[in-house]
Amino acid sequence: MREPTFRDVLAARARIRPHLDPTPLRPYPRLSGLLGADVWVKHENFQPTGSFKVRGGVNLVSQLTEEERSCGVIAASTGNHGQSIAYAARLFGVQATICAPVGANRLKVASMRDLGAEVILHGEDYDAAREHCEQLVHERGYRYVHSSNEPLLIAGVGTYTLEALETRSDLEVILVPVGGGSGAAGACIVAGAVDPAIAVIGVQSEAAPAAYQAWRRGEAVRTENRTRAEGLATGTSFDLPQRILRERLDDFVLVGDEELEAAVRLMVENTRTLVEMAGAAALAGAIRLRERLAGKRVCLVSSGGNITPEQLRSALSET
């Protein structure tokens with residue numbers, strides 16, 4: 001499986017642009033004061049599906065062969081990847097099936113169904129849903145869209161970093177939430193092509209540290225997966241993004257779920273927008289790295305905003 005290039009990201013931008021508007025990159029003085037840095041937020045929580053993942057979905061589904069379109073697509077997801085595939089499948093007239101955990105975010109499940117996808121709830125976590133999904137691929141012949149091991153997905157989500165750097169070419173650090181690693185891999189490809197001096201830092205929950213441990217060890221791993229941040233919830237590392245991250249990611253930091261909830265509160269208070277726990281991970285990581293980031297121009301990727309009222313109440317109840 002070949003690694004996507006900066007040219008692939010440029011091609012993805014051309015494919016995506018007729019269907020998705022660029023998302024804003026906005027400064028927030030109070031966050032800047034909190035971190036002692038010049039802080040800008042890339043609002044992927046403003047996407048029509050509430051998550052950056054839709055960029056990859058549109059890029060990939062638009063490139064399916066006629067045979068693949070006729071077979072239909074299938075994906076495993078805790079919600080955001082599934083929404084992206086459902087959205088793109090509806091856009092291009094393809095049938096989509098999504099396997100999600102039994103306890104998946106109910107709003108994400110409803111959105112996938114509203115977009116026309118068949119949603120199969122199976123297993124207690126993402127990895128169980130993924131294994132069931134892969135079994136269905138063999139049984140029914142769907143075109144499987146892996147959440148991370150897909151060059152077209154990584155090239156597609158890389159377009160948010162391209163937009164950010166076109167808006168602020170002087171960004172020095174980009175912090176990116178990491179679940180499977182597609183978003184961080186895309187950021188590394190773009191930042192490395194534009195200016196290798198730009199630091200890309202991944203942020204993951206310490207309750208589901210598969211990508212972090214694989215990056216540190218240089219080998220595939222399976223770990224516990226106990227995080228409440230479903231956008232970061234995977235217990236398995238994936239080959240394609242890991243190859244890119246090991247070569248190009250500048251640093252990787254783990255944060256606790258309590259830190260993620262605190263970051264949700266700060267994002268709601270200071271950006272006046274909704275973010276899910278994964279979407280607040282970049283801020284949680286920046287708080288951990290405050291001394292290192294002092295005085296720098298920093299981009300925080302707010303990767304998603306699909307938070308349920310119950311999750312929001314839980315986060316705000318700690319105030």
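A pocket here is an open set of grid points with protein on both sides within 12 Å along at least five of seven lines. With that in hand, turn to this predicted model. Its largest pocket has a volume of about 300 Å³. The lining comprises 18 residues. Gly103, Thr227, Arg228, Ala229 and Glu230 sit nearest the pocket's centre. By class, the lining of this pocket splits into 6 nonpolar, 7 polar and 5 charged residues.

Next come the enclosed spaces. Rolling a probe the size of a water molecule over the atoms shows where empty space is left. The structure has 3 cavities of 30 Å³ or more. The largest of them holds about 330 Å³ of space. Its lining counts 30 residues, and Lys53, Gly179, Gly180, Gly231 and Leu232 are the closest to its centre. Helix α5 (80-92), strand β7 (173-177) and helix α10 each give at least two residues to the lining of the largest cavity. The largest share, 3 residues, belongs to α10. Sorted by class, this lining has 12 nonpolar, 16 polar and 2 charged residues.

The second largest cavity has a volume of about 70 Å³. Its walls are formed by Arg228, Ala229, Glu230, Gly231, Glu261, Glu276, Met277, Ala278, Ile307 and Gln311. Among these, Arg228, Ala229 and Glu230 also appear in the list of residues nearest the centre of the largest pocket. Gly231 lines this second cavity and is also one of the residues closest to the centre of the largest cavity. The lining of the second largest cavity has 4 nonpolar, 2 polar and 4 charged residues.

Lys53, one of the residues closest to the centre of the largest cavity, belongs to helix α3 (residues 53-61). Is α3 enclosed or open? Of its 9 residues, 9 are buried, so the helix is largely enclosed by the rest of the structure. The buried residues include Lys53, Arg55 and Asn59, as well as Val54, Val58, Leu60 and Val61. Gly56 and Gly57 are buried too.

Now the packing. In soluble globular proteins, nonpolar side chains tend to be buried together. The largest nonpolar core here has 62 residues, and Val73 and Val176 touch the most other members. Helix α10 (residues 182-194) supplies the largest share of this core, 7 residues. A separate core of 35 residues includes Val173, Ala280, Val298 and Ile307. Ile307 also lines the second largest cavity.

What does Val73 touch, leaving aside its neighbours within four places in sequence? Its contacts are Leu64, Ile85, Ala89, Val94, Gln95, Ala96, Thr97, Tyr142, Arg143 and Val145.

The cysteines come next. The structure holds 0 disulfides. Why is Cys71 unpaired? The closest cysteine sulfur, in Cys133, is 14 Å from that of Cys71, too far for a bond. Cys71 is partly exposed, with a relative accessible area of 36%. Cys133 is in no disulfide either, and its nearest cysteine sulfur, in Cys99, is 4.4 Å away. A disulfide requires sulfur atoms within 2.5 Å. At 0% relative accessibility, Cys133 is buried.

Finish with a backbone detail. Arg272 has a positive phi of about 60°, although this residue is not a glycine. Arg272 sits in the loop between α13 (257-271) and α14 (281-288). With a relative accessible area of 64%, Arg272 is exposed.

Key: Residues numbered from 1 in each chain as written. Predicted model: local features only at pLDDT ≥ 70, side-chain atom pairs only at ≥ 80, totals over all residues. Heavy atoms only, no water. 1 Å grid on protein atoms, 1.4 Å probe; cavity = no way out; pocket = protein on both sides within 12 Å on 5 of 7 lines; lining within 4 Å. Points joined across faces, edges and corners; volume = space filled by probe spheres on them. Nonpolar A, V, L, I, M, F, W, Y, C, P; charged D, E, K, R; others polar. Core = buried A, V, L, I, M, F, W, Y, C linked by side-chain atoms within 4.5 Å. Buried < 20%, exposed > 50% of the residue type's maximum accessible area, 1.4 Å probe, protein only. Helix = DSSP H or I, 4+ residues; strand = E, 2+ residues; numbered from the N terminus. Contact = heavy atoms within 4.5 Å.
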